[in-house]
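Trainee: I should be grateful for a close look at one residue and its surroundings, followed outward into the sheet to which it belongs. Please set out the contacts, the burial and the strand arrangement in one connected account.

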Amino acid sequence: MKPSMSRIAMQVIFALASVSILQAKESPKPNIIFLFADDWGYGDLGVHGQLADVKTPHLDDLSEQGILFTDAYITAPQCSPSRAGLVTGRYQQRFGFDSIPDGPLPLNEVTIAQRLRDAGYKTGMVGKWHLEPNAVCVDWAKKNQPDGIKKNRVAVRQDLSQPYWPQERGFDEFFKGELKRYWCNYGLDGRDRNPDGEWVDDPRFRVDVQTEAGLAFIDRNADQPFFLYLAHYAPHVPLEASEKYLSRFPGEMPERRRTGLAMMNAVDEGVGRIMQRLREKGIADNTLVIFTSDNGAPLKIHKRDTPGGGPGWDGSLNDPLTGEKGMVAEGGIRVPMIWSWPKQLPAGVTINEPVISLDMTASAIAAAGVEIDSESNLDGVNLIPWLSGKQAEAPQRSLFWRFWSQSAIRNGDWKFIVTGDGREMLFNLRDDKEEQHNLHLKHADRAARLKSELREWTTQLRPKGLPSEPLNVQEIGWYDHYFEATTPIK
């Protein structure tokens, strides 16, 4: 595990990096790659040093040539809303996308692909999209396809869904798909297909197919600035992996753990192949590569090793954090995150300040030379000046969450959680990242201030306000289990 660096040491490195950058000639626009995993827990990154069985050598190498963030967050503990936040650079609750049924991504929201394409970038999307209307988007269907609703499920017509697909949201090239079937306008051989898109079937292991689609996009566009959003569908269920990866995890362990490890290892190998291709093309140094996950791992509380690989635990782990996907506890929203841009950012640095996926979007847009101002309507912060040493201090701001009947705020070391049925918890994450010591009573004034700031934030959302509904049955199970031993400290 990489040692964390003190702020003094960080400032020295940043100062040196700043001098180097100032002496360099103005750089051409960087290529930008977002690598977005699915249900990948915090513990499953080798460089975090939490779990001995995980194998992520290429991501570990990426952190050594870039920056590892220990306190990185996503905007929701669920895939569609967190993807909406990343793609727009805005808290998705601002446009009413709190959870999956609230989809699709509204057509009037501007995506990072639209911004970068306007800035002269070739834009590409590969893998899981999940921002189109789906079977649980009943409210959308009531307005747009009422005849498609049967038993509170929607059979969405393709012609009504397609305006929400990547090619209509700023992506020039696309290979959209999660499993066995892909909607694309180019092939894995790099050749053009129907420019408007066509379905292709590929029965092979999905992670390898999605990696190859990412490589093909790079091959097609290596001679111009490009943005690639590669969203591997892993280690999300249904669990599957080829023997090539499964064989790397011998010995006694739950089969769901073995398969999850194999899927994450496949993504890791894909990252290695992408970095190698960038080096072969001579563009690695000027490519901003960012890896993260859409939320924490779904443990289903007991991590049952049920057969078949279908719904259930995906084999990933959130150690040492408390909670899981679906919770605003750390295990649901704190995720692995690595940034690498050799031409501009220092190497081998660990950052302990809190950051969020919204910062990825803002930073990428700024790196592309697009001016960010109040009219940009972005909620993230451009971290490049701070990370490169041009700005001495980390951004000072609060981070916010609202999901189902839960809300949370983090400011500095402090995190406050409140639920619709009145549970309130305050943690000092620097001392207690496991969220086991509730300081709500001991620091009542601080808790009250954070709750007030959180409530003020929710006045900007749609709908407004903190959740008022009691926890649902699933949430009750989570909070009773994970916080059973968390007693208020007076």
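Mentor: In this predicted model, Ser340 touches Leu62, Gln65, Gly66, Thr287, Leu288 and Val289, once its neighbours within four places in sequence are left aside. With one of these, Gln65, the contact is polar: the two side chains approach to 2.9 Å. The relative accessible area of Ser340 is 0%, so this residue counts as buried, the limit being under 20%.

Ser340 belongs to strand S12, which covers residues 337-340. That strand is part of an open sheet of 10 strands with mixed pairing, ordered S9-S8-S7-S4-S10-S1-S11-S12-S2-S13. At its edges stand S9 (198-201) and S13 (349-351); each has a single partner strand, so one side of each lacks a neighbour in the sheet. From one strand to the next, the twist averages 15 degrees.

The order places S12 between S11 and S2. Strand S2 (residues 67-69) runs parallel to S13, and three bridges join the two. Within this pair, Phe69 has Ile351 of S13 as its bridge partner.

Two helices complete the surroundings of S12. Helix H2 (residues 57-64) lies across S2, S11 (287-293) and S12, at about 55 degrees to S12. Helix H11 (residues 357-367) also packs on the sheet, where it touches S1 (31-37), S11 and S12; the direction of H11 makes about 15 degrees with that of S12.

A second sheet may be set beside this description. Four strands form this open sheet, in the order S15-S16-S17-S18, with antiparallel pairing. Its edges are S15 (398-403) and S18, each of which has a single partner strand, so one side of each is without a neighbour in the sheet. Neighbouring strands here are turned by 10 degrees against each other on average, direction ignored.

The position of S18 at an edge should be read together with its burial: four of the five residues of S18 (residues 424-428) are buried, so the strand is largely enclosed by the rest of the structure. Its antiparallel pairing with S17 (residues 414-419) extends over five bridges, and Trp414 stands opposite Asn428 in S18. The hairpin of S17 and S18 has four residues between the strands, and Gly422 in this hairpin takes a positive phi near 95 degrees.

Methods: Residues are numbered from 1 along each chain as its sequence is written. This is a predicted model: local features need pLDDT of at least 70, side-chain atom pairs count only at pLDDT 80 or more; totals for chains, interfaces and linings use all residues. Side-chain values use heavy atoms; hydrogens and water are left out. Buried means under 20% relative accessible area, exposed over 50%, partly exposed in between (1.4 Å probe, protein chains only). A polar contact is a pair of N or O atoms within 3.5 Å; within protein, one must be able to donate a hydrogen and the other to accept it, and residues adjacent in sequence count only if both atoms are side-chain atoms. Contact means heavy atoms within 4.5 Å. Two strands pair if DSSP finds at least two bridges between them. Axes are lines fitted to C-alpha atoms, for helices over the stretch in contact, and angles run from 0 to 180 degrees between N-to-C directions.
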